[in-house]
Amino acid sequence: MMFSQVIVDALNDQINMELRSSYAYLAMSAYCERMHFRGCARWLRLQSDEEYGHAMKLFDLLRDRGCKIVLKALPEPPMDFASISDVFEQALQHEIAVSEKINAIYELAFREKAYAAAPQLEWFLTEQIEEEKTARDIVAKLNMIKNDPAALLDMDRELGSRTPGED
Ligand code: FEO
C-alpha cells in the first residue's frame, strides 16, 4: 500500500527538521570553536553528523516506498549564544521539540495506515529518548558547574572524548 500524501508530506517535513537540527548543531559547534571549547565543539559537530544521518534514514524510507522526496529551504540557525550552558539548554529544547514532532508523525502514520513507516518511526522514538536524556544530563552538569573554570575545562575534555556513532 502506497503512503498517503499526508504522510509523505509529514516525512518530508521531518527530513527538513533533521537537516535543520544538523545545521543548528553545526552553528553551536562553530560558536564553541570560537570560545575555544574544543571538546564541546567536537561533541556538537558529531551531533550535527548524526542529525544528517537521521535525515537520510527518512530520505531512504521515502525512496524505498517510491515516494517523491522534497527538500525544502533551511533557515539560518542562531550563531550566537550567551554561554556554553545556553548552547546545551537550546540543544535540549530543540530535542524536546523534535520528540513532539516524531510522536505526532507516529500517530499520523497509524491514522493513515502507513504501517510500513512504523519500524523506522519506532527507531526514532527510541533515539529521541536517548537524545533528550543525553542533553538533559549535560545541562544538569553545566548547571552544577556554573562558572567554575576547572570543572568547565573537565567537562569540555569529557565531551571531547565522544566518538562517532556514540550519543
Ligand atoms: Fe534527530 Fe536529535 O533529533
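Helix α1 gives the second largest pocket the largest share of its lining, five residues. This is a predicted model, and the pocket in it holds about 190 Å³ of space. Both α1 (residues 5-34) and α3 supply at least two lining residues each. Here's the full set of residues around that space: Met17, Arg20, Tyr23, Ala24, Met28, Pro75, Glu76, Pro77, Pro78, Phe81, Gln90 and His94. Sorted by class, that lining comes out as eight nonpolar, two polar and two charged residues.

His94 is a handy residue to look at next. This histidine sits in helix α3 and is one of the pocket-lining residues. Which residues does His94 touch, once neighbours within four places in sequence are set aside? The contacts are Met17 and Ser21. Met17 turns up in the pocket lining too. His94 also pairs up in space with a residue from another part of the chain: Ala135 is 41 residues away in sequence, yet the two C-alpha atoms are 9.7 Å apart.

Now for the helices themselves. Do α3 and α4 have the end-to-end span expected of them, or a different one? For α3, 28 residues at 1.5 Å a residue should give 40 Å, and the end C-alpha atoms are 41 Å apart, so the two figures agree. For α4, the 28 residues should likewise span 40 Å, and with 41 Å between the end C-alpha atoms the agreement holds there as well.

| Helix | Residues | Expected span | End C-alpha distance |
|---|---|---|---|
| α3 | 84-111 | 40 Å | 41 Å |
| α4 | 118-145 | 40 Å | 41 Å |

What comes just after each of these helices is worth a look in the backbone angles. Lys113, just after α3, takes a positive phi of about 55°. Following α4 is Lys146, and its phi is positive as well, near 50°.

Last up is a helix pair. Two packed helices are described by the angle between their axes and the distance between the axes. How do α2 and α5 cross, left-handed or right-handed? Helix α2 (residues 38-64) and helix α5 (residues 149-160) have axes that come within 7 Å and cross at roughly 35°, and the crossing is left-handed. On the α2 side, the contact is made by Arg38, Gly39, Cys40, Arg42 and Trp43. From α5 come Asp156, Leu159 and Gly160. By class, this contact is a mix of three nonpolar, two polar and three charged residues.

Technical notes
Residues numbered from 1 in each chain as written. Predicted model: local features only at pLDDT ≥ 70, side-chain atom pairs only at ≥ 80, totals over all residues. Heavy atoms only, no water. Helix = DSSP H or I, 4+ residues; strand = E, 2+ residues; numbered from the N terminus. Expected span 1.5 Å × (residues − 1). Contact = heavy atoms within 4.5 Å. Axes fitted to C-alpha atoms, helices over the stretch in contact; angles between N-to-C directions. Left-handed = near helix turned anticlockwise from the far one by under 90°. Nonpolar A, V, L, I, M, F, W, Y, C, P; charged D, E, K, R; others polar. 1 Å grid on protein atoms, 1.4 Å probe; cavity = no way out; pocket = protein on both sides within 12 Å on 5 of 7 lines; lining within 4 Å. Points joined across faces, edges and corners; volume = space filled by probe spheres on them.
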